[in-house]
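Please walk me through this structure, one local feature at a time. Keep the residues in view as you go.

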Amino acid sequence: MSKLLIEGGHTLSGVINVSGAKNSVVAIIPASILAENNAIIENVPNISDTNDLIDILKLLGVNCEFSDNILKTDTSNIKNMLIPAELSTKLRASYYFMGALLAKYHHAELYYPGGCNIGARPIDIHLKSFEKMGVKITCLDDKYVLDAKHLTGADIELRFPSVGATINIMLAASKADGVTKIRNAAMEPEIVNVAEFLNSMGAKVVGAGTKEIIITGVDKFTNGSVKIIPDRIEAGTYLLAGSLIGKNLTVNNLNPKHLEALISKLQASGVIMDIEDNKITVTSSKKILPINVKTLVYPGFVTDLGQPMQVFLARCNGTSLFEETIYENRMQHIKYLQKMGAKIELNNNIALIKGPCHLHGANVTATDLRAGATLVLAALIAKGITKIDGVKHILRGYDSLPIKLQQVGAKITIIE
Ligand code: EPZ
């Protein structure tokens with residue numbers, strides 16, 4: 001199993017280019033089956049999630065061409081198929097094929113989605129919403145069969161603003177009979193990107209990015225195209241790297257509006273950033289003050305940057321309080337940060353982080369995608385060598401991470 005080897009203490013300078021957003025492309029690839037024939041998707045990140053979803057498209061008979069971060073699909077020979085466990089369990093986002101196949105065929109069969117083990121991650125909100133649209137759902141040994149004689153629009157109030165459920169309902173509703181209203185909808189930027197793609201194919205989605213989204217079902221879709229938005233989580237991860245050990249590190253191809261919560265926390269702590277339209281240049285400073293961070297739904301502080309943020313808090317001059325409110329099991333990396341010298345007292349989802357601490361290299365394991373990114377940040381500032389196991393988790397969500405960091409001065413290599 002490959003490992004990352006990182007020698008800490010090397011200042012990061014220069015330009016890191018951010019790739020397209022994982023959490024947008026993993027919904028837009030399944031949505032591409034709705035195109036009349038062709039879809040062109042630009043700024044697609046080259047990560048394992050992209051390739052795993054392309055494998056599912058190919059299983060369904062969709063012709064796919066993926067090069068230079070552009071994915072071209074042709075659905076002329078598409079056929080509805082059971083999506084087998086070996087494909088659907090590779091990532092949670094396989095569940096977007098439920099909404100897309102329901103819209104196209106009123107029928108979907110797939111095994112339960114996979115994804116990071118950061119909590120139970122049920123899909124009850126998705127399924128209850130589909131049932132309101134007339135879908136009959138049976139689940140047998142982790143295989144879901146969704147069937148709708150008539151797929152009809154519905155008025156759906158989400159008990160929690162679930163990102164995945166908001167998108168899945170949008171997909172199914174795009175070709176349902178009548179109007180669907182999603183209330184208490186999630187407002188993440190990736191949802192706006194998916195709606196933009198659906199509308200490029202003739203869908204009628206209004207209000208994406210707000211708490212209320214209205215989708216009027218249409219009979220036919222045209223061909224479509226979309227550019228994937230910059231990955232705000234990747235961008236935030238590199239901004240944190242620059243805040244820890246950067247000297248004029250420029251994180252390029254980002255949208256500062258999507259990072260407001262992180263930016264304001266870093267500025268409150270004393271980090272100086274030069275913020276431009278699509279890039280931010282940051283230099284680390286020794287005089288960073290402790291701050292309290294609580295993860296929330298968008299536009300609050302995003303849970304996916306909560307783990308990496310803890311490395312920054314460990315460097316602050318004082319004690320910071322961190323609380324994770326979205327997932328119940330997103331603290332598995334803490335024991336490894338403690339092994340590297342971090343002073344963290346953990347009580348369920350609340351961490352008391354005493355800084356400034358001086359980390360040292362160790363052998364650690366990435367338990368999930370963002371835990372892996374967290375350990376990379378810790379290794380970049382630790383004294384000595386850190387070996388990180390479980391690299392596959394990291395490469396799921398960070399396009400070319402080792403090369404991007406090497407290019408700005410990090411001493412990082414992948415070893416088998
Ligand atoms: C998306 O997951 C992202 N993944 C996650 O990023 C991100 O952390 C999350 O949104 C929140 O922003 C993708 O987009 C592929 P949710 P999703 O539905 O859609 C509970 C990463 O690191 N819930 O908003 O699964 C759920 O258990 C990943 O890139 C239900 O209880 O998130 C969780 O506690 C990790 N029932 C909370 O809601 C449901 O039916 C948020 O889930 C659905 C969700």
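Tyr-96 is buried, because its relative accessible area is 4% and the cut-off for buried is under 20%. Tyr-95 is buried too, with a relative accessible area of 6%. This is a predicted model, and all values here are computed from it. The count of aromatic pairs comes to one. That pair is formed by Tyr-95 and Tyr-96. Their ring centres lie 4.9 Å apart, and the planes meet at 80°. The geometry is edge-to-face, because planes over 60 degrees apart are classed that way.

Turn to the ligand. There are 24 residues around it. Arg-92, Asp-124, Ser-162, Asp-304 and Ile-326 come nearest. Polar contacts can be traced from several sides. The side chain of Lys-22 places an N or O atom 2.9 Å from a ligand oxygen. Ile-125 uses its backbone instead: a polar atom there is 2.8 Å from an oxygen atom of the ligand. Tyr-327 has a polar side-chain atom 3.2 Å from a ligand oxygen. How much of the ligand's accessible area does the protein cover? On its own the ligand has 820 Å² of accessible area, and the protein covers 93% of that.

Lys-22 leads on to helix H1, which spans residues 22-31. Is this helix largely enclosed or largely open? It is largely enclosed by the rest of the structure, because nine of its ten residues are buried. Lys-22 is one of the buried residues. The others are Ser-24, Val-25, Val-26, Ala-27, Ile-28, Ile-29, Pro-30 and Ala-31.

Next, a loop. Gly-134 sits between helix H5 (124-132) and strand S7 (136-140). Gly-134 is partly exposed, with 37% relative accessibility. His-150 is 16 residues away from Gly-134 in sequence. In space, the two C-alpha atoms are 6.3 Å apart.

The surface has a nonpolar patch of about 240 Å². Val-179, Val-206 and Ile-214 make it. Val-179 belongs to strand S10, residues 179-183. At 47% relative accessibility, Val-179 is partly exposed. Val-179 can therefore count towards a patch, since patch residues need over 30% relative accessible area.

Now the backbone. Most residues other than glycine have a negative phi, and most peptide bonds are trans. Which residues and bonds depart from that here? Start with the peptide bonds. Tyr-298 and Pro-299 are joined by a cis bond, with omega about 10°. Pro-299 lies in the loop between strand S17 (293-294) and helix H10 (306-315). The bond from Gly-355 to Pro-356 is also cis, with omega near -5°. Pro-356 is in the loop that runs between strand S20 (350-354) and strand S21 (363-365).

Then phi. Asn-248 is not a glycine, yet its phi is positive, near 50°. This residue is in strand S14, residues 246-252. Asn-248 is partly exposed, at 47% relative accessibility. Ser-400 is another non-glycine residue with a positive phi, about 55°. Its setting is a loop, between helix H13 (391-397) and helix H14 (401-406). Ser-400 has a relative accessible area of 31% and is partly exposed.

Conventions. Residues numbered from 1 in each chain as written. Predicted model: local features only at pLDDT ≥ 70, side-chain atom pairs only at ≥ 80, totals over all residues. Heavy atoms only, no water. Patch = residues over 30% accessible without salt bridge, like charges linked within 9 Å, V, L, I, M, F, W, Y side chains within 5 Å. Areas by Shrake-Rupley, 256 points an atom, 1.4 Å probe, with all protein chains shown as cover. Salt bridge = Lys/Arg side-chain N within 4 Å of Asp/Glu carboxyl O. Helix = DSSP H or I, 4+ residues; strand = E, 2+ residues; numbered from the N terminus. Buried < 20%, exposed > 50% of the residue type's maximum accessible area, 1.4 Å probe, protein only. Near = heavy atom within 4 Å. Polar contact = N/O pair within 3.5 Å; in protein donor to acceptor, adjacent residues only side chain to side chain. Phe/Tyr/Trp six-rings, centres within 6.5 Å; stacked < 30°, edge-to-face > 60°.
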